[in-house]
Amino acid sequence: MSRLVGTVALLLLSLNSNISTARPVSYTGGVTLIEESDRQSTSLLVHFTPAHQWSIGLRGEHNRDQDYALYTLHPTWLAKRWFGANHQGNLYLHGGVGVATGVNGNPLGEDIAAHGGVMADWETRSLFASYRSRYLDAGHFGAQFVHAARAGFAPYIGKTGDLHTWLMLEIDHRPSERISMTATPLIRFFKGPVLLELGYTFSVNQPLINFTYRL
Amino acid sequence: MKPLFLISVMTLNLLITPTAVSENIGHSDAHSHQDVSANESDNSHDVHHHQSHSVHPVESESDATEPDGQATLTRTDEIDRALAAGGAPIVADVLGVVCDFCAIAMNKIFGDQPEVAAVYVDLDTKALSLVLSPSSSLSDAAIADLAVQAGYRIAAIRRDEAALGVAL
């Protein structure tokens with residue numbers, strides 16, 4: 001059974017930080033699907049928001065470099081939201097506990113895994129800035145710290161329901177990696193419940209593909 | 001790296017306070033305006049009630065704001081139908097509305113209420129436009145609470161003529 005679940009999850013992840021970037025807590029009763037793919041891994045998170053301050057989700061993540069998959073229960077707490085007439089800021093704490101398991105012939109088997117971190121963002125209708133970090137302990141698969149910062153702007157301001165477009169730059173730092181710091185220019189398209197981000201990390205020749213759908 | 005991370009998280013926990021969602025908004029007369037201070041901090045809920053009504057000419061439907069900058073009801077086909085059916089208009093200024101996810105959240109939460117016949121969130125005016133079902137009511141406190149469930153905060157509420165921007 002666990003092999004079947006793992007296979008299905010890996011198929012979903014095969015589209016290609018992996019720290020959910022687009023509003024990891026929704027409205028009360030909301031469900032959100034978030035796919036993220038960066039220079040190292042691909043993840044899928046489906047979360048439910050029982051109350052406006054926190055969400056709980058199931059996360060699958062495929063580390064393509066190290067050939068292991070991660071399956072965790074992923075809670076996120078909206079620790080603080082700053083409101084203004086023209087801006088919104090958020091501070092989130094997130095975590096997860098589950099298992100890491102070898103894939104693609106990785107002989108390391110399975111181990112308990114846990115991760116935690118912080119996210120912060122601030123945005124207006126034309127400016128955006130964010131920071132996110134995550135520490136992952138994947139047992140005998142190793143540990144990793146990742147953090148990333150983003151800044152972006154909207155070249156035009158759309159009305160409700162229009163296609164919104166953002167141009168962003170993400171700086172990503174992974175101290176344990178051979179190329180520890182990379183820059184990824186990306187474009188974000190946002191329309192109604194759908195958010196799509198496409199970018200490219202030139203220094204490692206890897207695409208960034210993020211997709212969010214909010215029900 | 002582990003100790004560094006743990007220290008960072010603990011420090012953040014000490015620095016932050018729980019998200020303020022306390023509801024200090026009381027029930028108000030259906031025709032009153034309710035202004036909640038748009039303080040930058042979400043911990044500040046300074047509620048003032050007053051009975052005055054805006055006296056302005058009918059708004060332009062294109063910009064849905066009165067000359068003094070107050071948002072008025074955004075007109076959509078759904079809202080016009082609900083008004084024609086005899087529903088009462090309400091406009092609420094919302095803090096923190098910056099994207100379509102915000103609008104979706106408000107639409108879902110308010111749209112699920114049986115008292116609400118039509119709802120629209122206008123990102124330009126940062127205003128929530130509601131039309132109630134005929135003979136339904138929704139108090140200011142209930143509107144504020146629903147906005148919190150959506151993840152946002154109401155700054156002010158205008159009803160009826162004030163919501164339409166119609167001179168009394």
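**Two chains, their contact and their cores**

In chain B, if we take the contacts between residues at least 6 apart in sequence, 60% of them join residues at least 24 apart. I should say at the outset that what we are looking at is a predicted model, and I will stay with chain B for a moment before turning to its partner.

The secondary structure of chain B consists of 5 helices and 6 strands, and, read from the N terminus, these elements follow one another as α-β-β-α-β-α-β-β-α-β-α. Chain B has 168 residues, of which 46% are buried.

That brings me to the packing. The largest nonpolar core holds 52 residues, and the ones with the most contacts inside it are Ala92(B), Val94(B), Cys102(B), Met106(B) and Ala147(B). Several elements of chain B give two or more residues to this core, among them helix H2 (77–84), strand S3 (89–95), strand S4 (116–122) and strand S5 (127–132), and towards the end of the list come helix H4 (140–150), strand S6 (153–159) and helix H5 (160–164). Helix H3 (100–111) of chain B is also on that list, and H3(B) in fact supplies the largest share of the core, with 8 residues.

Which residues does Cys102(B) touch, once we leave aside those up to four places away in sequence? They are Gly96(B), Val97(B) and Tyr152(B). There is also a second, separate core, this one of 9 residues, which includes Ala69(A), Leu70(A), Ala113(A) and Tyr135(A).

Let me now move to chain A. Here we find 1 helix and 12 strands, and along the sequence the pattern is α-β-β-β-β-β-β-β-β-β-β-β-β, that is, the helix is followed by the strands. Of the 215 residues in chain A, 45% count as buried.

Finally, the contact between the chains. How many residues does the contact take from chain A and from chain B? Chain A contributes 34 residues, while chain B contributes 31 residues. On the side of chain A that touches chain B, the elements giving two or more residues are strand S4 (68–83), strand S5 (88–102), strand S6 (110–123) and strand S10 (181–191) of chain A. The most comes from S4(A), which gives 6 residues to that side. Sorted by class, the side of chain A that touches chain B has 12 nonpolar, 14 polar and 8 charged residues. As a last remark on such contacts, the size of an interface is often expressed as the accessible area lost when the parts come together.

Conventions:
Residues are numbered from 1 along each chain as its sequence is written. Chains are lettered from A and ligands numbered from 1 in the order in which they are written. This is a predicted model: local features need pLDDT of at least 70, side-chain atom pairs count only at pLDDT 80 or more; totals for chains, interfaces and linings use all residues. Helices (H or I, at least four residues) and strands (E, at least two) are DSSP runs, numbered from the N terminus. A residue is buried if 20 or more other C-beta atoms lie within 10 Å of its own, exposed if 12 or fewer, and partly exposed in between; C-beta atoms are placed from the backbone. Two residues are in contact if their C-beta atoms, placed from the backbone, lie within 7 Å. Ala, Val, Leu, Ile, Met, Phe, Trp, Tyr, Cys and Pro count as nonpolar, Asp, Glu, Lys and Arg as charged, and the others, Gly among them, as polar. A nonpolar core is a set of buried Ala, Val, Leu, Ile, Met, Phe, Trp, Tyr and Cys residues joined through C-beta atoms within 7 Å.
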